[in-house]
Amino acid sequence: MGITYIDGLVTGPGGGSQSLRFLVDTGAMYTLLPEWTWKELGLAATRSNEFVLADGSVVERRLSECRLSIEGTEGHTPVILGEPGDDLPLLGVVTLEERGLLFDPFRRELRAMTLRM
């Protein structure tokens, strides 16, 4: 599968914001913000969770919440607070589903979900 990046705007509780280029990671549950981003935005951890990486190793990371705008949508989403070495902003599936978006692997782009009954 190809690599796809999406531009987004993250906003912290104090109103400060940053534009980021996210790697769309359909294998990631939550969106990840690098340490330098979440610290500058003033985010604070509300809980922690263990995550299993692709190689099978387990890491623990703290989570918070921020406002995120992507593809003409905006709202709050849970985010992983990256640690040193977590340098790449990742866009996870929870954020995509909250926005009613899905990743089209053939076109390598985000598109609106369509529901069929």
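**Exercise 1.** Work out which residues Tyr-30 is in contact with, leaving aside its neighbours within four places in sequence.

*Solution.* Begin with the criterion, which is that contact means heavy atoms within 4.5 Å. The structure is a predicted model, in which local features need pLDDT of at least 70, side-chain atom pairs count only at pLDDT 80 or more, and totals for chains, interfaces and linings use all residues. Residues are numbered from 1 along each chain as its sequence is written, and side-chain values use heavy atoms, with hydrogens and water left out. On this basis, Tyr-30 is in contact with Arg-47, Asn-49, Phe-51, Leu-63, Pro-78, Ile-80, Gly-92 and Val-94. For one of these partners, Val-94, the C-alpha to C-alpha distance from Tyr-30 is 5.7 Å, although the two are 64 residues apart in sequence.

**Exercise 2.** Decide whether Tyr-30 counts as buried or exposed.

*Solution.* Buried means under 20% relative accessible area, exposed over 50%, and partly exposed in between (1.4 Å probe, protein chains only). Tyr-30 counts as buried because its relative accessibility is 14%. In the protein chain, 41% of the 117 residues count as buried.

**Exercise 3.** Place Tyr-30 among the helices and strands of the chain.

*Solution.* Helices (H or I, at least four residues) and strands (E, at least two) are DSSP runs, numbered from the N terminus. The protein chain has 2 helices and 9 strands, and along the sequence these follow the pattern β-β-β-α-β-β-β-β-α-β-β. Tyr-30 lies in the loop between β2 (17–24) and β3 (31–33).
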